[in-house]
Amino acid sequence: MQNKRFYAVLVLAVGIVLAALHVADLLQWMDASTGFALQGSVWARYLPWLAALALPYLPARRVAAQPTELTDTNLPLGCCMLMTGALLLGSGLLSVSSAQTISAYPELYATTPAWTAWADVITPVLAGAWLLVYGWRALTGFGVRRQKLGGALPGLVLPLAFLWRLVWRFQFVPASLGRIPCTLRVLSAVAALLFAVVLLKVFLTPGLPCGHTLFAAGAGCFLLCTCIELPQTLFEAFNGMLTMPDLLTGLAMGVFGLCGLACTWAAAGEETE
């Protein structure tokens with residue numbers, strides 16, 4: 001199959017533009033403390049983000065169904081998975097003290113049930129551990145060729161972690177459509193969840209023709225998690241608006257988007273004969 005790198009380069013270029021526009025928006029046209037727009041409609045922000053999530057599915061049929069670069073080792077993907085795993089693991093471990101406090105004094109945290117606090121510990125720790133293991137496999141070799149097939153049950157922790165992050169951002173964080181960062185984080189969690197489900201296929205069912213959905217989901221994850229949420233996270237961190245677990249989670253989302261870019265690049269390459 002003909003090399004289709006043009007589509008991956010296009011995704012990268014669009015991502016750079018989205019990141020630059022969002023940084024300018026943060027600095028010029030948005031209230032940093034509340035997240036409300038000072039100028040322009042919120043839908044002028046949301047529509048491009050929704051397009052970034054949906055439009056990569058249009059050229060996806062043109063890329064490799066079985067990318068050659070995802071049949072054994074992939075250095076960029078492995079490195080990004082290891083970094084994401086370490087950040088998620090750190091986020092979960094740093095949340096232990098908060099969960100213990102909420103469990104000990106539930107009357108002081110009526111809006112935050114103890115089980116949700118412990119879910120914030122367990123899900124990122126398990127997902128981080130899975131990413132560390134399979135990130136190493138992406139560096140050293142995996143799949144049918146090396147007789148290294150993953151287990152389906154442990155793999156469920158990855159989408160489960162991003163599903164919980166989506167539920168948390170949608171249900172437990174006070175938000176409205178007018179608060180741009182809250183809506184952004186919901187959309188990026190959706191993108192991360194979609195990509196996580198497809199990423200499992202690379203390691204658990206090697207050889208399955210999933211390159212089309214991998215390209216689309218990976219591109220959406222990169223555009224939203226890396227190019228939009230990561231600048232938002234860094235901006236809020238520099239302004240002292242984030243706790244350390246939230247900072248590590250935001251950084252993990254951003255690096256997970258780079259995993260999406262690595263898969264997008266691979267899917268736009270040569271196809272396995």
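Helices, of at least four residues, and strands, of at least two, are taken here as DSSP runs numbered from the N terminus. On that basis the protein, a predicted model, reads along its sequence as α-α-α-α-α-α-α-α-α-α. The count comes to 10 helices and zero strands. The radius of gyration is 19 Å, close to the 19 Å given by the globule rule for 273 residues, so the protein is as compact as a globular protein of that length. Along the principal axes, the C-alpha trace spans about 60 × 45 × 25 Å.

Some totals describe the chain as a whole. Of the 273 residues, 51% count as buried. The protein exposes about 12500 Å², and carbon and sulfur atoms supply 70% of that area. Among contacts between residues at least 6 apart in sequence, 83% join residues at least 24 apart. As for charge, there are 14 positive and 12 negative side chains, and the centres of the two sets lie 7 Å apart.

Individual residues can be followed from the N-terminal helix onward. Asp25 is placed in helix H1, which covers residues 5-28. Is Asp25 buried or exposed? With a relative accessibility of 5%, Asp25 counts as buried, because the cut-off for burial is under 20%. When residues up to four places away in sequence are not counted, Asp25 touches Met30 and Arg45.

Helix H7, residues 157-172, holds Gln171, and Ala161 lies in helix H7 as well. The two residues fall into opposite classes of accessibility: Ala161 is buried at 9%, whereas Gln171 is exposed at 54%. Leaving aside neighbours within four places in sequence, Ala161 is in contact with Thr123 and Ala127. Between the C-alpha atoms of Ala161 and Trp265 the separation is 25 Å, and these two residues are 104 apart along the chain. For Gln171 a C-alpha distance is available to Val186: 9.9 Å in space, across 15 residues in sequence.

Helix H10 runs over residues 244-267 and includes Leu258. At 31% relative accessibility, Leu258 counts as partly exposed. Which residues does Leu258 contact, leaving aside neighbours within four places in sequence? They are Cys80, Phe222 and Thr226. For one of these partners, Phe222, the C-alpha atom is 5.8 Å from that of Leu258, although the two residues are 36 apart in sequence.

The contact between Leu258 and Cys80 leads on to the cysteines. How many disulfides does a search of the whole structure find? The search returns zero. Cys80 is in no disulfide, and the nearest cysteine sulfur, that of Cys259, is 4.9 Å away. A disulfide requires a pair of cysteine sulfur atoms within 2.5 Å, so that separation does not qualify. Cys80 is buried, with a relative accessible area of 10%.

Cys210 gives a second case. The closest cysteine sulfur to that of Cys210 belongs to Cys263, at 8.6 Å, which is too far for a bond. Cys210 also counts as buried, at 9% relative accessibility. Both cysteines discussed here, Cys80 and Cys210, are therefore buried under the 20% cut-off.

Conventions. Residues numbered from 1 in each chain as written. Predicted model: local features only at pLDDT ≥ 70, side-chain atom pairs only at ≥ 80, totals over all residues. Heavy atoms only, no water. Buried < 20%, exposed > 50% of the residue type's maximum accessible area, 1.4 Å probe, protein only. Rg over C-alpha atoms; globule rule 2.2 N^0.38 Å. Contact = heavy atoms within 4.5 Å. Areas by Shrake-Rupley, 256 points an atom, 1.4 Å probe, with all protein chains shown as cover. Lys, Arg positive; Asp, Glu negative; His and termini not counted. Charge placed at Lys NZ, Arg CZ, Asp CG, Glu CD.
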